[in-house]
2 protein chains.
Amino acid sequence: MEQENNVFNNTSNGTTTTTTTNKNKNKKQNPLDPEEFRNHGHKLIDFIADYYSNITNYPVRSQAQPGELRCHLPVQAPISPEPIDSILHDINSFILPGLTHWLSPFHFAYFPSSASTAAFLGDLLCSGLNVIPFTWLSSPSATELESIVMDWLAKALALPSSFLFSSGTGGGVLQGTTCEAILCTMLAAREKTLILTGHHRASDLVVYSSDQAHSSFQKAAKIAGILPSNFRSLPTSSSTFFSFSPSLLRQTISEDLSSGLIPFFICATVGTTSSTAVDPIKELSLIAGEFNLWLHVDSAYAGSAAICPEFRHYFDGVDGASSLSLNAHKWLLTNLDCCCLWVKDQAALTSALSTDPEFLKNDASDSKDKNVVDYKDWQVALSRRFRAMKLWFVLRSHGISGIQSVIRGHVEMAMKFEGMVAGDRRFEVVVPRTFAMVCFRLLAPEGWPEEVNELNRRLLEGLNKSGRVCMSHAVVGGVYVIRFAIGATLTEQHHVDLAWRLVRRHADDLLGNVAGEEEKEVKENGNYNRG
Amino acid sequence: MEQENNVFNNTSNGTTTTTTTNKNKNKKQNPLDPEEFRNHGHKLIDFIADYYSNITNYPVRSQAQPGELRCHLPVQAPISPEPIDSILHDINSFILPGLTHWLSPFHFAYFPSSASTAAFLGDLLCSGLNVIPFTWLSSPSATELESIVMDWLAKALALPSSFLFSSGTGGGVLQGTTCEAILCTMLAAREKTLILTGHHRASDLVVYSSDQAHSSFQKAAKIAGILPSNFRSLPTSSSTFFSFSPSLLRQTISEDLSSGLIPFFICATVGTTSSTAVDPIKELSLIAGEFNLWLHVDSAYAGSAAICPEFRHYFDGVDGASSLSLNAHKWLLTNLDCCCLWVKDQAALTSALSTDPEFLKNDASDSKDKNVVDYKDWQVALSRRFRAMKLWFVLRSHGISGIQSVIRGHVEMAMKFEGMVAGDRRFEVVVPRTFAMVCFRLLAPEGWPEEVNELNRRLLEGLNKSGRVCMSHAVVGGVYVIRFAIGATLTEQHHVDLAWRLVRRHADDLLGNVAGEEEKEVKENGNYNRG
């Protein structure tokens, strides 16, 4: 190892970090002293509350340049302790201005990261209690709360009872992200299949999704060692609003079987990332049943909508799926990270993921009539956070009705936005809105010298560079669309209205003042070019 | 989907959960209203500070029976919002008593989950800001702080400069857990190897560790699709204190090569879980170099000790490793979860883990002379938390010197405990202590009718059932040992002293009063049976 560089220089970059005068030099304070915890905790709560109050003062999408932060911070950690006020000062000066503010009411990019006071409180307890429920015994009530809350949520979403612990064979687990959830279910399906075929057939395994599936599916397949040539990303088209074609799936599976390959896993999506497309779960589940494949339903974004009965029809047929996941941190008022995964067959999951090291052996886990859950065997990692606490806080603090009302509020705002877009003939809603996300674009006026995709790329970049809103894009069927996703908790109608005015103003600027002035005329003539 | 069950009954299990009177029925409060956040946040801070003050009032290891919590909670989520006081009441009544209290000063089990006010504050900001730095652009200063803090920590640990970003090719990333870290490096090594051999050779890949490696290594290999028959867990022995044998490794690799297999990955450990054994990194790294294999150093527990120069010799040779990981949540005062992973070759990691979906494309990531980090390509998942904040808080709040002093304090307490064990001839220190964990056991008096392993199993179970301490066990070289791991932040010398008195008292009870009274005599004669 290299030799220690003992004299670290705190101020080598001219920053504000200073060393405490350390009045209590002789009194060594415990790093978890309850009273210091209380004092500093209150300070931080106020800091964050103030941030929420002032959040619209920051550019939504960071205006930072690459490498900017390194110029402001020392090149090494301080030798001596620094006071909390120095740290908060630096956060105010250097960190906050360089963030992209996901909680800003003007953040409409990606899928929103929903957050709420209730979830925050639960997260705070999760961090504060700092228990590790990897086995039941290592923190029984933390494990049991997770199972209970997963049953609660499954009922609230009206999921089939086969996904509940009360079914005896199904159950739910909190993962960090969808990628982990898909990976775990794929490993369960892989193990189930290879036990029958022999592990030497691993390179013949084939997975299926539409070309609209999230990149997490591709990543999970890569990690699980599925050969790139056995990764089927089946084309979709605008005529079916980019949903997974059951007939194409059936045909592809049949061809693969004829070639001696082993189809074993299908990933369907309710609410795709690009355009919130909904795959036909019922038809796909029939095919999965027919060929005995594992069907996972990725409803990372839209799954939360099933808490409202009017959105449940999108999940018709889910009783034929083997597993389903959704990100409570996307649209269920829960801070990152919190991905809910339910499976019908616990045993398939745990037989693929369990390890049984001596140091974790205990009577409860080893008993013959095992009636405890060891969540370490439901996920990639051993250690895990007490995530159930935040989901429990959210469900109780808001109640089913409160969450329904938040989701409906977002959908309503998205409907209005869709209406505004449709009402301006310079723009187009590219695919019909399903939930709270609108895919739109600016149409190129006749004779416009550049590609319409490039025009929209410039429009989006201009909007984001303004710092006043943040949106993101997708390309569906070759068409570059601007995604306007409503779901940041602080967003209200007036933010949406302002965002739309901003889009129009930027379009004016982009098309040139003349074009802007020509707007009325254009509206009358409607000669916009969709090509 | 099943039909909605609209009338949820909150009080079906006779619990205390009540529905708010909902005075503000007509005023819809935003779920992230800053003032409500402030009020409830302060309440929670006090709740947790009180918990720390009273933590020793709880049984350390939960005394709960399987299924107990379900009896106390309703079978479904409430329809209407519930007030925070009801939730906190239930936490006090049902959750806290059912936890195993990892932060208790009497928690000596597994490896301690270190936590500190500083880390908690950082975690609180991570939850409160709720940004998602998956690409640089999606929150630049969050990404950059992570890179900076990983360089800071690498310097503080005196890691080779090739692991730093400043080297141009290396760098660090915060993962959740060691299993993820090992998995990611194994995938990097797998990809690097298969690109040369062709992906059809995947079933010939072989991985190596000693039989003392953490089960996470086995799990990572399973996930990565390494055939169980190609998983080499090489035996260790008490004569080398259970460390990895370089000669056995070399011999096994040679045999595998002769059999036409493809060795590609070695996992070495500094501070094994069972007995904190230290593998000879220098010799292992020479073998890795000779055969061109990826050597990962798992120092989940002991890596943090390298912040003290006197422990750095255990890491000699790490400059020959390809990657190293440690859990800051184990011994670096950081709340769960926070696993630090450094690699020498960023490109190997990202080429195995990157995906490039259209919706995340942006100028900074796509620029030819890319000078930003997109951490999504350094890990399994896409989404990720702003974990750097807590590590930064810890490094600044305590400074290098503060952290050194905490670690040295733990080691000192462990030394004293080791001395106390050694001073009582009824007991034995099974392997010499290296860091802050002592492996000991009770010896069976001559003629004792049961196996000494069973005697210790009963001793441990009795201690844990008392609720006054929590310890765990391991089996090394066939010997059942009680692991006494010091590292819970609140632990002070008097807690350790009390724990030892408790161990002796339980031993007295177990051996019978007579045996207890015979103690002096036995000490003189020393006729304890180690068999």
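This report describes the overall build of chain A and its relation to chain B in a predicted model.

Chain A contains 16 helices and 13 strands. Its radius of gyration is 26 Å, close to the 24 Å that the globule rule gives for 531 residues, so chain A is as compact as a globular protein of that length. Along its principal axes, the C-alpha trace of chain A extends over about 75 × 70 × 50 Å.

The interior of the chain can be described through burial and contacts. Of the 531 residues in chain A, 65% are buried, where buried stands for a relative accessible area under 20%. Among the contacts in chain A with a separation of 6 or more, 75% join residues that lie 24 or more positions apart.

The following table collects percentages for chain A.

| Property of chain A | Value |
|---|---|
| Buried residues among the 531 residues | 65% |
| Contacts between residues 24 or more positions apart, among those with a separation of 6 or more | 75% |
| Carbon and sulfur share of the accessible surface | 49% |

Turning to the surface and the charges, the accessible surface of chain A amounts to about 17,700 Å², with carbon and sulfur atoms contributing 49% of that area. Chain A carries 46 positive and 55 negative charges, and the mean positions of these two sets are 2 Å apart.

As for the two copies, a turn of 180° with a shift of 0.0 Å along the axis lays chain B on chain A with an RMSD of 0.0 Å. This is the relation of a two-fold axis. The same surface serves both copies, since 100% of the contact residues of chain B recur in chain A.

Notes: Residues numbered from 1 in each chain as written. Chains lettered and ligands numbered in written order. Predicted model: local features only at pLDDT ≥ 70, side-chain atom pairs only at ≥ 80, totals over all residues. Heavy atoms only, no water. Helix = DSSP H or I, 4+ residues; strand = E, 2+ residues; numbered from the N terminus. Rg over C-alpha atoms; globule rule 2.2 N^0.38 Å. Buried < 20%, exposed > 50% of the residue type's maximum accessible area, 1.4 Å probe, protein only. Contact = heavy atoms within 4.5 Å. Areas by Shrake-Rupley, 256 points an atom, 1.4 Å probe, with all protein chains shown as cover. Lys, Arg positive; Asp, Glu negative; His and termini not counted. Charge placed at Lys NZ, Arg CZ, Asp CG, Glu CD. Least-squares fit on C-alpha atoms with pLDDT ≥ 70 in both.
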